[in-house]
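Here are my notes on the model you sent over. They go point by point, so have the structure open while you read.

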Amino acid sequence: MPIKIGSLTVPGRVYVPPMAGVTDLVFRNIVRRVDKGCLLATEMVSSKGLMYKPETRIMDLASDEHPIGIQIFGHEPDIMANAAQIAEKKGADFVDINMGCPVPKITNGKDGCALMREPDLAREIVMSIKGAVSIPVTVKFRLGWDDSTKNCVEFGQMIESAGASAVTVHGRTRAQRYTGTADWTMIAEVKKNLNIPVFGNGDVFQPEDAARLLEMTGADGVAVARGTLGNPWLIPRITKYLDTGILDEPPDSVERLILAFQHSMGLLAYKGQRVGTSESRRHLINYTKGMHKSAPYRNRLTQIESAADVVAILSELAEQEAGTEGKRRFLAVVENYDLHDREHPCEWNGNGEGSFQPPVNVHAVLPVAKP
Ligand SMILES: Cc1cc2nc3c(=O)[nH]c(=O)nc-3n(C[C@H](O)[C@H](O)[C@H](O)COP(=O)(O)O)c2cc1C
């Protein structure tokens, strides 16, 4: 059943929520290749940072990735409203406010989850943003600050009355960070007490987990973050399982290695060789987890410095996993790519401020197929 987030109708029930350092344009393009309908979001953007530098590539959106939200963080209502207006201009379908980030660098400045201890300020932020933009406003938060202050139900009610159109609730406290297990029963309490859509979040790594979370919480949708790392197929597998009860197998190793390669080439093209290879390392490691005797390959992946390195290691792994036919399948895809080293990121508009002109056509920044 479609979910209505204010004026936005979302076709599916699955959301890939913000992950700093992960959900960039390239990652989202990879998710969109395997799933057309899920809800997407950018990495979090500093509202204060935007005051000094209103152009940031974190807000680059491609035309084919809607529905998508831009997440902002901060604690000054007027500065947050300004950031939300920039997000709206960039073409976001909704603006999400981060009230869940547990990292001290963020919470020390009253940002992220620290706002759960300042509900009046949190309300003011939502109202200020709501008055500044016409796209829906959503909020992502946790169960509370710590075990003795689990205020997610009242906090959610306050967020709703301030004008938010949906919430995402991660079933952990700030004190837990990512330890322990997510408590879905508290998410159920939030759902029971709110009228706007609720996305339940925390510890969904298999399609069956998503079904159990929705069943246990009554939530409208499910947000899946870490489960997608090196495993974007989880999203369409969840959607199919929820819609039909059919549990698709994950793709075979060679297909996984092909998508890993494409992800890495996207990063090299979009971010340039140095940053692209460095950011590719952990993604490639994630894609190869679980493959038989792959540990030595992961060791080598920590040291890649070029597209050629990526091809050499992944093609060997394809051969180990699926013989010469596996290697052939892998190299047949590689052949379509121009592997020349790219010292500089693509699409640099050369205006001296390091900014990119939106909207970015992601197909233009991904490596071009040779004619
Ligand atoms: C690497 C990483 C970066 C994250 N960055 C953000 C962020 O920028 N904003 C946010 O609201 N949550 C962020 N999160 C939290 C996730 O969106 C999600 O709430 C959390 O991982 C729990 O869901 P999961 O069990 O499905 O991973 C991040 C999580 C990870 C692992």
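1. A word on burial before anything else: a residue counts as buried if 20 or more other C-beta atoms lie within 10 Å of its own, as exposed if 12 or fewer do, and as partly exposed in between. Keep in mind too that this is a predicted model.

2. With that in hand, take K110. There are 15 other C-beta atoms within 10 Å of K110, so this residue is partly exposed. You'll find K110 in the loop between α4 (104–107) and α5 (119–132). What caught my eye is the backbone: phi of K110 is positive, about 70°, although the residue is not a glycine.

3. A114 sits in the loop between α4 and α5 as well. Buried or exposed? A114 has 21 C-beta neighbours inside 10 Å, so it counts as buried. Have a look at H75 while you're there: A114 and H75 are 39 residues apart along the chain, and their C-alpha atoms are separated by 9.2 Å.

4. R177 is another non-glycine residue with a positive phi, here near 50°. Its place is the loop between β8 (166–173) and α7. R177 has 12 other C-beta atoms within 10 Å, and therefore it is exposed.

5. Please check the peptide bond from H66 to P67 as well. That bond is cis, with omega near 0°. P67 belongs to the loop between α2 (47–52) and β5 (68–73).

6. On the overall layout, the protein is split into domain 1 (3–244) and domain 2 (253–364). How far apart do the C-alpha centres of the two domains lie? The distance between the centres of domain 1 and domain 2 is 28 Å.

7. Now some helix packing, beginning with α6 (residues 152–161) and α7 (residues 184–193). Their axes come within 9 Å and cross at roughly 35°, and α6 passes α7 in a right-handed crossing. On the α6 side the residues involved are C152, V153, G156 and Q157, and they meet M186, E189, V190 and N193 of α7. Sorted by class, this contact has 4 nonpolar, 3 polar and 1 charged residues.

8. α7 also packs against α8, at an angle of about 50° and with the axes 8 Å apart. Angles from 35 up to 65 degrees fall in the oblique class, so α7 and α8 are oblique to each other. This crossing is right-handed. W184, I187, A188 and K191 are the α7 residues in the contact, and they meet L213, M216 and T217 in α8. By class, the residues here divide into 5 nonpolar, 1 polar and 1 charged.

9. What about α8 (residues 207–217) and α9 (residues 234–244)? The axes of these two helices come within 8 Å and cross at roughly 55°, which makes α8 oblique to α9. Here α8 passes α9 in a right-handed crossing. P207, A210 and A211 of α8 make the contact with R237, I238, Y241 and L242 of α9. Which classes do these residues belong to? The contact of α8 with α9 has 6 nonpolar, no polar and 1 charged residues.

10. T228 deserves a look too, in the loop between β10 (221–223) and α9. It has 27 other C-beta atoms within 10 Å, so T228 is buried. Leaving out residues up to four places away in sequence, T228 touches V16, V31, L234 and I235. V95 is a useful reference point: T228 and V95 are 133 residues apart along the chain, with their C-alpha atoms separated by 22 Å.

11. My last stop is R32, in helix α1 (residues 25–34). Is this arginine buried or exposed? R32 has 21 other C-beta atoms within 10 Å, so it is buried. Which residues is R32 in contact with, leaving aside its neighbours within four places in sequence? The contacts are with D64 and E65. As for E249, it is 217 residues from R32 along the chain, and the C-alpha atoms of the two are separated by 19 Å.

Terms used: Residues are numbered from 1 along each chain as its sequence is written. This is a predicted model: local features need pLDDT of at least 70, side-chain atom pairs count only at pLDDT 80 or more; totals for chains, interfaces and linings use all residues. Axes are lines fitted to C-alpha atoms, for helices over the stretch in contact, and angles run from 0 to 180 degrees between N-to-C directions. Helices (H or I, at least four residues) and strands (E, at least two) are DSSP runs, numbered from the N terminus. Angles under 35 degrees count as roughly parallel, over 145 as roughly antiparallel, 65 to 115 as roughly perpendicular and the rest as oblique. A crossing is left-handed if the near helix is turned anticlockwise from the far one by less than a right angle, and right-handed if clockwise. Two residues are in contact if their C-beta atoms, placed from the backbone, lie within 7 Å. Ala, Val, Leu, Ile, Met, Phe, Trp, Tyr, Cys and Pro count as nonpolar, Asp, Glu, Lys and Arg as charged, and the others, Gly among them, as polar. Domain bounds come from an automatic or database domain assignment.
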